[in-house]
Amino acid sequence: MNLDITLPDGSVRSFENSITGDELAKNIGSRLHKDAVCIEIENKFYDLSYSITDNCNVRIVTINDLDALHILRHSSAHILAQAVLNIFPNTEYGVGPSIENGFYYDFKFTKPISESDLEQIESEMKKIVKSKQEFVRDEISKKDALKLFKKQSFKVELIKSAESSEGVTNDYVSTYSNEQFVDLCMGPHIPNTSFLKHFKLTKVAGAYWRGDENNPQLQRIYGTSWFSKEDLDLYMAQQEEAEKRDHRKLGNELNLFTSTDELGSGNFIWKPNGAILRDVIETFSKNAHLSNDYQLVNTPHIGKSVLWETSGHLAHYKENMYPPVVHEENNETYYLKPMNCPFHILVYKSDLHSYKELPIRFFEFGSVYRYEKTGVLHGLLRLRGFTQDDAHIFCTKNQINEEVKTLLNFSVKLLNAFGLSEIEADLSTKPDKSIGSDDDWDMATESLKKSLTELDIPFATAEGEGAFYGPKIDLHVKDAIGRRWQLSTIQVDFAQPDNFDIEYVDNNNKKIRPVMIHRALLGSIERFTGVLLEHYAGHMPGWLSPVQIDILTIGNVSSYVAEIKEHLKDFRINIDDRNVRLGEKIHNSQKLKVPIQLIVGEKDVSNKTFAINFYHADDKKDIEFEKGIKEINNYLKTPEFDLNG
RNA sequence: GCCGGAGUAGCUCAGUGGCCAGAGCAGCCGACUUGUAAUCGGCAGGUCAGGGGUUCGACUCCCCUCUCCGGCUCCA
């Protein structure tokens, strides 16, 4: 027999007999052999020990390969489970995949473990690593597998449900074992446990079996693993950096917002500095809207139950609404609004509309209240009360494409103005449960897709993730350290115009149903503020900073400071004229991340100068008055918002 | 909602089944009159999240509630 193996560079190696991946790697080169993790044949991965019998294309996957990292992490999960079983023999184990940055394994312990147990498990893993155990692949019949795993109810369930992804097909299952530990698995794996050198168990969490909340809850152990110590250290440093940027921590340090037990979950109170920050963000957004054909409206926080019956919220969204406010004497029931749309429809309905007016765009900073489950609340990012930069656009079907395009452009420009420039989109299509005709869905979905393509915005399609009333586009931004945050959402809606029976008069004097587009671009002001804080690590750009300039005095310079302040009256300024050393004033100012320290001493008065410390720049001393004022104006300038720019 | 962890002064955190619970920062009072990352001294500040229980005695052990943290589920 003759076996021809084609390598990625196109070269062909011939062998007399079948050859394992390991032998092939060795045959190619010793360095490659040393770093080899597994092999790839025709886009499928196999163990290094796999025997190649037919002519094919083969790639040796090494530790420098991203694919190898997944294999390492999957093997890490096996070793984790093995360690856990060694320490707690009666534990049942579920599944343990590789995930972004690491791996996890789900267990049902006889007694719950806590984070303090991780150290012990980690050292048991190290023992397994040190003993260099080989991962051995086997294929056994389903019957034998059921016998083998008879004390492991989760594995039995997997075998019975014939999940091919877990190494189960119709008649046989594949297993991997090292020493006594056996697991159902498709593989492949690292050749032996000693490949796992740089890892860390990070946290313990609850997780439902198979991700279904009706199933029992298991304990999940998370870990991270890497081929080099540098990569592990880098990852750990990134985690630390993310912790430093935590908006909840910064909000406290910078006196922006706070929460208290008596307030209740999911709501924050905004302190003066935080309220200013919000207001600057809102004002910028409001001006952008007003100069681009939006009309400001204003609506209340509660409405009668009939409104929510008409809108369908009570039928579809009740569990997310706060309980009703009942006025028993008057026999009236009110609800806090979870969304603004019904109110904006009422605004629309309050007048008769001609086709000549469309599109009509109503804009409002609308505070909404949603009774989110306690466990999902998270700082400013997930709240029960928040304010959307919300607008509803009423237009004809033919206007959807143009309108969505304008909207996407608007949103991108708006996010750019705040320094968020890496933007990606998700296009969510028709879900299983939906209303409206297929034609409408197709037309709207195509319009959205076309808009994204025309504007060259990279997007992924999320099949079936749309709202029941229409497809949507969500925009995500990447922050300074590469994390993705969902901000804008744009949704086409066929249902609410029907529910509320709204119309416009067309050029034949006929009454026609308009289409609605729901959209929030910053999303929620609270959430957006939180994202900005994390993006900038609290060092807000000058125009956004709650305090923009700290004037720090040395000696008695009050009349000169007044003169300086007069020339900077557009800005938010604090004066620190306490009788303390300059070093302390600077320390305090920098701690609060004020972008500019303007330092004025007595000798500046006669010279008509001052010193400026800009954030992230060298100190500037003896700056001439006019020049300094100019530089500060420049540094604190509010960005332009120009849709065509 | 579920699993696990936690809640001590305004903030960051020590602390022990047994006199009256500590520190730093912030605050107040006083001294220092200050030129680039915290001047010195004093004072005040707490129902140890709230409620119940065990105990001669609970901040400490147990139960319930609230709030927060890490996840899961959810996210129109």
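Two strands are said to pair if DSSP finds at least two bridges between them. Keep that in mind for the views below, which come from a predicted model.

**View 1. Strand 4 and strand 5 form a hairpin.** Here 4 bridges join strand 4 to strand 5 (residues 44-47), and the two run antiparallel. Look for Glu40, which stands opposite Phe45 in strand 5. The hairpin has 2 residues between its strands, and Glu42 takes a positive phi near 45 degrees there.

**View 2. Strand 4 also pairs with strand 7.** Strand 7 covers residues 56-62, and its pairing with strand 4 is antiparallel over 5 bridges. Glu40 is worth finding again, as it stands opposite Arg59 in strand 7. Strand 4 itself spans residues 36-41 and is mostly covered, with 6 of its 6 residues buried.

**View 3. A cis peptide bond joins Gly187 and Pro188.** Its omega is about -5 degrees. To find the spot, go to the loop between strand 13 (181-184) and strand 14 (198-208), where Pro188 is found.

**View 4. A cis peptide bond joins Leu358 and Pro359.** Omega at this bond is about -5 degrees. Pro359 has its place in the loop between helix 12 (341-349) and strand 22 (360-369).

**View 5. Asn101 has a positive phi.** The angle is near 70 degrees, in a residue other than glycine. You will meet Asn101 in the loop between strand 9 (98-99) and strand 10 (102-108). Asn101 counts as partly exposed because its relative accessibility is 29%, and partly exposed covers the range between under 20% (buried) and over 50% (exposed).

**View 6. Arg210 has a positive phi although it is not a glycine.** Its phi is about 60 degrees. Arg210 lies in the loop that runs between strand 14 and strand 15 (217-226). With a relative accessibility of 40%, Arg210 therefore counts as partly exposed.

**View 7. The whole of chain A puts the close-ups in context.** Chain A comes to 20 helices and 35 strands, and its C-alpha atoms fill a box of roughly 90 × 75 × 60 Å along the principal axes. Of its 645 residues, 50% are buried. Among contacts between residues at least 6 apart in sequence, 68% join residues at least 24 apart. The chain exposes about 32100 Å², with carbon and sulfur atoms supplying 46% of that area. Chain A carries 75 positive and 97 negative charges, and the mean positions of these two sets are 3 Å apart.

Terms used
Residues are numbered from 1 along each chain as its sequence is written. Chains are lettered from A and ligands numbered from 1 in the order in which they are written. This is a predicted model: local features need pLDDT of at least 70, side-chain atom pairs count only at pLDDT 80 or more; totals for chains, interfaces and linings use all residues. Side-chain values use heavy atoms; hydrogens and water are left out. Buried means under 20% relative accessible area, exposed over 50%, partly exposed in between (1.4 Å probe, protein chains only). Contact means heavy atoms within 4.5 Å. Accessible areas come from the Shrake-Rupley method with a 1.4 Å probe; for residues, only the protein chains shown count as cover. Lys and Arg count as positive and Asp and Glu as negative; His and the chain ends are not counted. The place of a charge is taken as NZ of Lys, CZ of Arg, CG of Asp or CD of Glu.
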